[in-house]
Amino acid sequence: MVLIQLRDVSKTFGVGAEAVRAVDHVSLELAAGESVAIVGPSGSGKSTLLSMMGLLLLPDSGTVLVGGRNAGAWRDAELCRFRNRTFGYVFQDFALLGDETVFENVRLPLLYRGDVARREHRARVKVAAERLGIEDKLRTRTSKLSGGQQQRVALARALVCDQPIVLADEPTGQLDAENRENVVRVLLELAAEGRLVVVVTHDLEVAARCDRVVRMHDGCLVG
């Protein structure tokens with residue numbers, strides 16, 4: 001089943017002589033159960049494309065359909081609710097709350113979701129943390145963790161609501177070999193379980209283990 005359809009989407013930042021076409025007329029379909037790597041040089045539009053897939057950015061032109069639905073005209077509240085129930089995001093800068101514990105950071109999407117009873121939160125957080133090997137850090141503030149540990153917290157947060165789509169921007173960028181292998185294994189398991197997993201990566205070894213590799217250059221798909 002196709003979960004994401006990009007139809008001739010473009011995105012430009014800046015105006016006039018300063019304008020940069022980050023994504024240039026891209027069309028793409030991504031299905032449930034796939035693991036997809038987006039690769040290309042820095043500045044090629046990978047992260048912008050990922051953000052449009054996840055409806056964090058809307059295109060200047062073209063259409064993004066998620067589950068067959070066009071969210072381009074939705075109100076902000078509707079869009080936020082749909083994103084929360086559809087996507088698990090792993091941001092390149094982690095976007096963690098440094099003064100809060102690992103537990104509170106991983107739990108955050110459950111609080112925003114609102115339809116999961118609070119008595120279930122601890123069990124869900126524990127399952128996600130165990131999957132990423134950080135169950136012993138649940139009471140630790142994320143500001144006290146290493147970059148690699150923070151990256152695993154960000155991934156655990158993306159899993160805790162069991163959304164059908166996981167979007168990860170450089171999820172192995174700060175991990176040593178052992179932890180990189182653990183994270184890649186988890187991502188591939190999620191795809192095998194029926195989720196769509198999309199990963200932006202510079203690591204060609206990680207990309208080679210995905211079902212499909214999408215290559216970008218200067219905002220365009222080149223393969």
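Let's start with a cysteine: C161 is buried, with a relative accessible area of 3%. Keep in mind as we go that this is a predicted model. C161 takes part in no disulfide, and the nearest cysteine sulfur, which belongs to C80, sits 14 Å away. A disulfide here needs two cysteine sulfur atoms within 2.5 Å, so C161 and C80 don't qualify. In fact, the structure as a whole holds zero disulfides. Another cysteine worth a glance is C220, which at 26% relative accessibility counts as partly exposed.

From there, move to the packing. The largest nonpolar core has 33 residues, and V106, L132 and L187 are the ones with the most contacts inside it. Which elements build it? At least two residues apiece come from α3 (102–113), α4 (121–131), α5 (147–159), β7 (165–169), α6 and β8. Of these, α5 gives the most, with six residues.

L132 is a good place to stop and look around. Setting aside neighbours within four places in sequence, L132 is in contact with R152, L155, A156, L159, N182, V183 and V186. There is also a second, separate core, this one of 29 residues, and L3, V23, I165 and V198 are among them.

Now follow α3, the helix where F103 is found. Is F103 buried or exposed? Its relative accessibility is 9%, so F103 counts as buried, the cut-off being under 20%. Beyond its neighbours within four places in sequence, F103 is in contact with R122, V125 and L138. For a sense of scale, pick out R215: F103 and R215 are 112 residues apart along the chain, and their C-alpha atoms are separated by 36 Å.

Next comes α2 (76–86). Its buried residues include L79, F82, R83, N84 and T86. What lies over them? The cover for the buried residues of α2 includes β4 (61–66), β5 (69–70), β6, α3 and β7.

That same helix, α2, leads us to the largest pocket, where α2 gives the most to the lining, with five residues. The space in this pocket comes to about 470 Å³. Its lining is made of 18 residues, and N84, Y89, L108, P109 and Y112 lie nearest the centre. N84 has already come up as one of the buried residues of α2. Along with α2, the elements β6 (87–90), α3 and α5 each supply at least two residues of the pocket lining. So what is the lining like by class? Ten of the residues are nonpolar, three are polar and five are charged.

The enclosed space is another matter. Rolling a probe the size of a water molecule over the atoms shows where empty space is left. How many cavities of 30 Å³ or more does the count give? There is one, and the largest cavity has a volume of about 40 Å³. You can find the largest cavity by its lining residues: S35, V184, L187, L188, V197, V199, V206 and C210. The elements that give two or more residues to that lining are α6 (177–192) and β8 (196–200). The largest share comes from α6, with three residues. By class, seven of the lining residues are nonpolar, one is polar and none is charged. L187 deserves a second look: along with lining the largest cavity, L187 is among the residues with the most contacts inside the largest nonpolar core.

Finally, turn to the backbone. Most residues other than glycine have a negative phi, and most peptide bonds are trans. Two residues here are worth checking against that background. A95 lies in the loop between β6 and α3, and its phi is near 55 degrees, a positive value in a residue other than glycine. At 41% relative accessibility, A95 counts as partly exposed.

The other is D218, in the loop between β9 (212–217) and β10 (220–221). D218 has a positive phi of about 50 degrees, although it is not a glycine. Is D218 buried or exposed? With a relative accessible area of 55%, D218 is exposed, because the cut-off for that class is over 50%.

How values were computed: Residues numbered from 1 in each chain as written. Predicted model: local features only at pLDDT ≥ 70, side-chain atom pairs only at ≥ 80, totals over all residues. Heavy atoms only, no water. 1 Å grid on protein atoms, 1.4 Å probe; cavity = no way out; pocket = protein on both sides within 12 Å on 5 of 7 lines; lining within 4 Å. Points joined across faces, edges and corners; volume = space filled by probe spheres on them. Helix = DSSP H or I, 4+ residues; strand = E, 2+ residues; numbered from the N terminus. Nonpolar A, V, L, I, M, F, W, Y, C, P; charged D, E, K, R; others polar. Buried < 20%, exposed > 50% of the residue type's maximum accessible area, 1.4 Å probe, protein only. Core = buried A, V, L, I, M, F, W, Y, C linked by side-chain atoms within 4.5 Å. Contact = heavy atoms within 4.5 Å.
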